[in-house]
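Visitor: I'm new to looking at protein models. Could you walk me through one?
Guide: Sure, let's take it feature by feature.

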Amino acid sequence: MIKIFDELSEELNRYKFYALLIFIGMVTLLAWQSDDSYHAYIMAKNLVDGNGFVYNIGQRATATSCPLFTLVVAAGYFVIRSMFFVSLLINIIFSALAFKMLIWDYCRTKRQIIFCLAILVGSTGFMSYTTSGLENSMLFFLGACFMKQYLGHERYNRKSLLILALLISLIAMTRMDAVLIFAPMAVYAYLSKRDGVSFAKAVGLGILGLLPFVFWELFSTFYYGFPFPNTAYAKLGTDFPLRDYIVRGIRYYLNAAICDPLLLLIPVFVILAALSVKKAQYIACMAGPVLYGIYLLFIGGDFMMGRHFTVSFFISLICYMDIKNREFSELGRGAALHRTFIGLVIAALVFSRTSNVITDQFLFGRTFGSPISDERAGYFTSSSLFNNVSSLIMTGDLCIMDTWSEDGVIELRENDMKGGILDSVPGITKYYNNDLYLNDLYALGDPYLAHLPAVKESGWRIGHMWREAPAGYRNLVRYGWDSGAIINEDARMYYDIIDEITRGKLFDKDRIMKVININLGKYDYLVENYQATLDENGRQIITEEGSDDYLAGNE
């Protein structure tokens, strides 16, 4: 009997290994780089090159919302000096580890292995963000680690509570808002299921586990001047009506339902499964995706099709497999529910493949450049691993460098300018022109513009809310002029404050006071005064004589 069991176990492990190879093969074949990932790569490269953990050399500003992942990329780049290849290798490793944990820890039969593989490979969004250069793959891995610790215990001792808190800390450092997915589980473990640990000791363990994130926040506030990434201020500090965000959030859900229904089907069905077994541990597990889903509505979703659903999707699948193995039987409890689940998964796979012929015709997506777009489809030609390896073999160069036109950068160089605030500076363009100071009106890496009012226009795209540069600001950057180039007095005073925070001596007392005051809102009146000079849409009211080009020509 023992021999038969060992043979069955060995056969099952072979199937798991084959599934892992298939998964890694597909992830590698479909590997690609998003343009947004290069904002983080610039910071990683600058750190390794000794220029600081910054976006533009000489200015302490961050253009990444995933500091821990960016530091991991920097470590990889320190060893392998090819950002394109090392970043994709890191993505593939994290995604492969997450998948391995799923099938090794939660799949007990060959059918379950095939089931999980089919669901993950069948999701366009999930497969897109197993690579892309963004932090999703690291969140898949950290999420799998968290779920193993959470679902692996009925009650939590000191060690378990500390590990859960530490993982929450690492997840927050990878992407701060992703904590919402895991917070209900942590609350459940800490408040109701402690094993011989007093509440006071649990609080101490929680604080200890969260120290990495706390230290990062202290460092970020001291070094950059702000506790949150500059991208958060640029994307969310717009003063746009909440209704506009919610409308875009609803569109984000509709886009996923039409283009990649598995991303929504899996969490929704697992919520029902968790409620059906009436077990608090599972209900707390699925409360996270619900909480995060509400948050997505309020921030307007995203412009990348399916991206922000992928972590909840993966966590939900892990939760379902645990429910299936512990609570359901093949013929008894949960059998009908599981058969229904399989039928819905098959229907979703068929629908997503047949609906592709019409998804491009919806007003909000999916073509590249639309309000919600399939970013992998848009960038794959120039940024995929396959095409870049082919280009490297045939021409000796990576084709990713040809993704964007560099006309604006060429003009700066021809006129011997120090840098520029262009209408748009893609991350890839900035990476390959890192000797210039470059920012754009979307302000992802500009700590000054990011805190100014965004321009309100119909049809604005989430994540792409632009600011008008105050008159004179472009010239300040182009020619290295002092802040006197900025015409509006309040805008000029606010620039001086930001400039001292991001360029002044780190330990200077005046700088530290400005860091404290700006985070307490004591300089908000300058922005409000400047905003009062703009029209209702956030546009400047200036004559031709007040434009940057006119001022530069008459200097």
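**Reading the fold**

Guide: One thing up front: this is a predicted model. Its accessible surface comes to about 23,900 Å², and carbon and sulfur atoms make up 63% of that.

Visitor: How many helices and strands are there in the chain?
Guide: Count 26 helices and four strands. The radius of gyration is 25 Å and the globule rule gives 24 Å for 555 residues, so the chain is as compact as a globular protein of that length. Along its principal axes, the C-alpha trace spans about 90 × 60 × 45 Å.

Visitor: What share of the residues counts as buried?
Guide: Of the 555 residues, 56% do, where buried means under 20% relative accessible area.

Visitor: And what tends to be buried together?
Guide: In soluble globular proteins, it tends to be nonpolar side chains. Here, the largest nonpolar core has 123 residues, and Leu102 and Tyr150 touch the most other members. Helix H4, residues 83-106, gives the most to this core, with 13 residues.

Visitor: Which residues is Leu102 in contact with, leaving aside neighbours within four places in sequence?
Guide: You'll find Cys107, Cys116, Leu120, Phe314, Leu317, Ile318 and Met321. Another core, of 33 residues, lies apart from the largest one; among its members are Leu444, Ile497, Ile501 and Val527.

Visitor: What about contacts across the whole chain, between residues at least 6 apart in sequence: how many join residues at least 24 apart?
Guide: That's 74% of them.

Visitor: Last one: how far apart are the mean positions of the positive and negative charges?
Guide: They're 14 Å apart, taking 48 positive and 53 negative charges.

Technical notes:
Residues numbered from 1 in each chain as written. Predicted model: local features only at pLDDT ≥ 70, side-chain atom pairs only at ≥ 80, totals over all residues. Heavy atoms only, no water. Helix = DSSP H or I, 4+ residues; strand = E, 2+ residues; numbered from the N terminus. Rg over C-alpha atoms; globule rule 2.2 N^0.38 Å. Buried < 20%, exposed > 50% of the residue type's maximum accessible area, 1.4 Å probe, protein only. Contact = heavy atoms within 4.5 Å. Areas by Shrake-Rupley, 256 points an atom, 1.4 Å probe, with all protein chains shown as cover. Lys, Arg positive; Asp, Glu negative; His and termini not counted. Charge placed at Lys NZ, Arg CZ, Asp CG, Glu CD. Core = buried A, V, L, I, M, F, W, Y, C linked by side-chain atoms within 4.5 Å.
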